[in-house]
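The following exercises concern the reading of a structural model from its coordinates. Each consists of a task and a solution in steps.

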Amino acid sequence: MSKKAFRPDVDAPEWKGGHTPYDIIKEGTIAVVVIGLLTVLLAVVFGSPDVPAITIKSWSNHAPVDFATTALSELNGTSLTAAYGAPYNIQPASANQNLGPLKLDYWVGVHIPINTVTDFVVDPLKALPNQPVLHKSLAKWSGASASTRAAWVASYTKAAGKMKFENGQVIVNATNAGPVPLMINDLTMMARSGALDQALITGDSFYSTDYTQSLLFISDGSYLADVAGKQHLQGNQWGVMNETGSYPGSAWLWLYTFWYQISPFSTSSNADILVLATMIILTAGLTLMPFIPGLRSIPRRSRVYRLIWREHYRSQK
Amino acid sequence: MSTSEIDRQWTTRLRRRGFGKLPPEKMLPDTQPSYVASWIYVFGVATISALIVVIATGCVLAIFGPQWWHVSNIGHFVNSLHLWSVEIFFFSMVVHLWGKYFMAAWRGGRAMTWITGMVLFLMSVVTALTGYVSQTNFDSQWISTQAKDAINSTGGGAFFNLLNPGQMLMWHIVLMPLVLVLLVGAHVVMVRIKGVVPPFEENVGADQ
Amino acid sequence: MGPFLSAALLPLNDPGHYFHWHFLEISAANAIVIASMVVVFVLALVLPFPGRRRRKENQ
């Protein structure tokens with residue numbers, strides 16, 4: 001039986017040379033102490049960021065027109081969440097992200113059901129006590145047909161381009177908009193009071209750790225993105241890598257966010273799944289490097305190893 | 001009990017297999033091959049050391065709960081320790097990766113050591129993501145609402161909800177640390193069993 | 001403990017500086033981190049490792 005040929009990029013020679021004393025516990029202890037001290041030094045000098053969370057209350061008080069416009073988009077189905085698709089609501093397959101014939105999110109379907117009309121607007125308003133005028137309007141809304149509601153919302157939407165906020169009121173000169181003006185105005189007041197933050201916390205339980213609805217509502221508006229933009233956190237600012245202030249962020253995500261900056265990813269409606277697929281392929285390549293001829297030869301051909309083992313090669317001469 | 005019956009026991013077989021592959025003098029050696037003589041070799045232990053500091057500071061944050069660091073000066077300092085130890089962790093891990101790549105450290109039956117290392121890198125990225133969205137501040141709001149689109153595009157968002165801080169925190173402090181520690185253990189055991197990869201032989205043919 | 005832990009010496013809360021080149025954009029902080037990694041890697045390769053005489057004796 002012939003001896004298998006030695007493959008220098010796959011096989012390793014057997015070490016028949018000398019050994020030196022090695023104190024693994026001492027090395028580990030020194031490493032932990034050094035790293036610990038370095039951590040303390042960096043923490044004492046630079047600290048860490050803690051930009052407070054935005055609430056619906058702070059958003060609607062700082063930018064009431066943006067809030068009211070977002071509330072309208074939840075009602076007329078044009079908000080990001082309303083038109084999202086899986087896992088929040090059912091939309092045509094084309095609304096979701098496709099990877100060629102693969103429609104992974106569409107196939108998995110709706111598991112976190114959100115109806116922005118009821119969950120973000122109607123139900124929170126219904127919860128307000130002692131509001132006879134509002135509740136009469138809500139009854140009018142509930143009793144109307146789908147086409148009547150759509151017509152009201154469309155009328156309001158048409159006039160909403162000139163929306164103003166004056167003396168604590170949302171002002172839109174809409175005609176034939178039914179109860180919609182009152183609903184949007186009262187939701188804005190509810191938001192400004194802080195009551196909407198609580199009403200949107202997901203679940204009927206006293207204790208909830210799920211902020212899906214609040215976060216989706218906030219991110220449907222422009223305010224969150226504007227604050228993020230000032231901190232260079234938006235996607236087209238390579239924001240995935242960045243941190244608030246001047247702190248270092250996740251530098252290891254450089255290649256992940258790189259793809260989003262270039263065509264075809266930058267203009268694709270399937271950008272996320274395309275970038276993920278690209279990164280999965282590249283990561284698989286790096287993980288399976290031992291089995292990829294050519295790529296696994298680069299270490300030997302580049303001869304960087306001659307620096308690492310220079311003492312060994314010198315002693316062999 | 002006969003000897004053959006004892007030999008067949010699960011305990012006996014596991015112990016013999018385990019200590020056969022990794023006897024105490026291999027697990028805790030007192031010598032190393034003389035070619036291990038470069039500063040590049042310290043980045044593996046530096047990465048593990050940073051992970052120890054990450055976990056220790058994480059435990060202190062856990063003692064007082066996820067809101068503590070917003071309201072306490074000491075808490076904020078511990079959070080700073082946690083942040084910078086994570087930065088050192090990724091710094092060391094990537095320099096370790098570069099060194100191991102240029103040594104072609106997968107040679108000689110060490111492919112699984114390389115692969116567990118790469119999986120550790122990926123799991124670390126996931127751990128960091130769950131940590132970022134558990135900060136309960138603006139950062140968490142922005143990162144979760146943006147990253148959810150990527151997770152959702154795979155269908156995974158139906159089960160792994162970045163907008164649910166309760167779920168994310170439990171992944172961050174229970175599930176992911178368990179995965180990381182088990183993988184680090186496997187990675188280190190493999191290095192101890194196989195030994196540190198020897199240098200390339202010079203004047204070898206071009207055959208791969 | 002108070003003043004020592006109440007505030008960082010050089011807090012980095014002000015908006016950062018960013019470097020632009022065509023579509024590339026990187027924060028100063030991240031650029032420093034990545035540059036440091038490269039410098040540390042190169043230094044690790046070229047700096048002599050202590051204990052050479054001991055290793056020579058054990059060849």
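**Exercise 1. Contact between chains A and B**

Task: Identify how strand 1 of chain A is joined to strand 1 of chain B, and describe the side of chain A that touches chain B.

Solution.
Step 1. Strand 1 of chain A (residues 19–21) and strand 1 of chain B (residues 31–33) run antiparallel and are joined by 3 bridges. The model in which this pairing appears is a predicted one.
Step 2. Within this pairing, A:His19 has B:Pro33 in strand 1 of chain B as its bridge partner.
Step 3. Counting residues in contact gives 80 from chain A and 75 from chain B.
Step 4. Helix 1 of chain A (residues 24–46) provides the largest share of the side of chain A that touches chain B, namely 12 residues.
Step 5. Sorted by class, that side of chain A holds 48 nonpolar, 21 polar and 11 charged residues.

**Exercise 2. Overall form of chain A**

Task: Determine why chain A is described as more spread out than a compact globule, and report its confidence.

Solution.
Step 1. The secondary structure of chain A comprises 16 helices and 3 strands.
Step 2. For 317 residues the globule rule gives 20 Å, whereas the radius of gyration of chain A is 29 Å, well over that value; chain A is therefore more spread out than a compact globule.
Step 3. The C-alpha trace of chain A spans about 95 × 50 × 35 Å along its principal axes.
Step 4. Of the 317 residues in chain A, 36% are buried.
Step 5. Taking contacts in chain A between residues at least 6 apart in sequence, 53% join residues at least 24 apart.
Step 6. The average pLDDT of chain A is 94, and 98% of the residues score at least 70. Confidence in chain A is highest in helix 2 (residues 56–62), at 98, and lowest in helix 16 (residues 310–316), at a mean of 92.

**Exercise 3. Backbone geometry in the loops of chain A**

Task: Locate two cis peptide bonds that precede A:Pro87 and A:Pro264. Then decide whether A:Asn167 is buried or exposed, and whether A:Trp238 is buried or exposed.

Solution.
Step 1. A cis peptide bond runs from A:Ala86 to A:Pro87, with omega near 5 degrees. A:Pro87 belongs to the loop between helix 3 (64–75) and helix 4 (104–108) of chain A.
Step 2. The bond from A:Ser263 to A:Pro264 is also cis, and its omega is near 0 degrees. A:Pro264 occupies the loop between helix 12 (254–260) and helix 13 (271–287) of chain A.
Step 3. A:Asn167, a residue other than glycine, has a positive phi near 50 degrees. The loop between strand 2 (164–166) and strand 3 (169–171) of chain A contains A:Asn167.
Step 4. A:Asn167 has 5 other C-beta atoms within 10 Å. The cut-off for an exposed residue is 12 or fewer, so A:Asn167 is exposed.
Step 5. A:Trp238, likewise a residue other than glycine, has a positive phi near 60 degrees, and lies in the loop between helix 11 (223–230) and helix 12 of chain A.
Step 6. A:Trp238 has 24 other C-beta atoms within 10 Å. A buried residue requires 20 or more, so A:Trp238 is buried.

**Exercise 4. Chain C: hairpin and contact with chain A**

Task: Describe the pairing of strand 1 and strand 2 of chain C, and state which element supplies the largest share of the side of chain C that touches chain A.

Solution.
Step 1. Strand 1 (residues 18–21) and strand 2 of chain C pair in the antiparallel sense over 4 bridges. The bridge partner of C:Phe19 is C:Ile26 in strand 2 of chain C.
Step 2. These two strands of chain C form a hairpin with 2 residues between them, and C:His22 in the turn has a positive phi of about 55 degrees.
Step 3. The contact between chain C and chain A takes 27 residues from chain C and 27 residues from chain A.
Step 4. On the side of chain C, strand 2 (24–27), helix 2 (28–46) and helix 3 (52–57) each supply at least two residues. Helix 2 of chain C gives the largest share, 7 residues.
Step 5. By class, this side of chain C has 15 nonpolar, 6 polar and 6 charged residues.

Definitions and conventions. Residues numbered from 1 in each chain as written. Chains lettered and ligands numbered in written order. Predicted model: local features only at pLDDT ≥ 70, side-chain atom pairs only at ≥ 80, totals over all residues. Contact = placed C-beta atoms within 7 Å. Nonpolar A, V, L, I, M, F, W, Y, C, P; charged D, E, K, R; others polar. Pairing = 2+ DSSP bridges. Rg over C-alpha atoms; globule rule 2.2 N^0.38 Å. pLDDT = per-residue confidence, 0-100.
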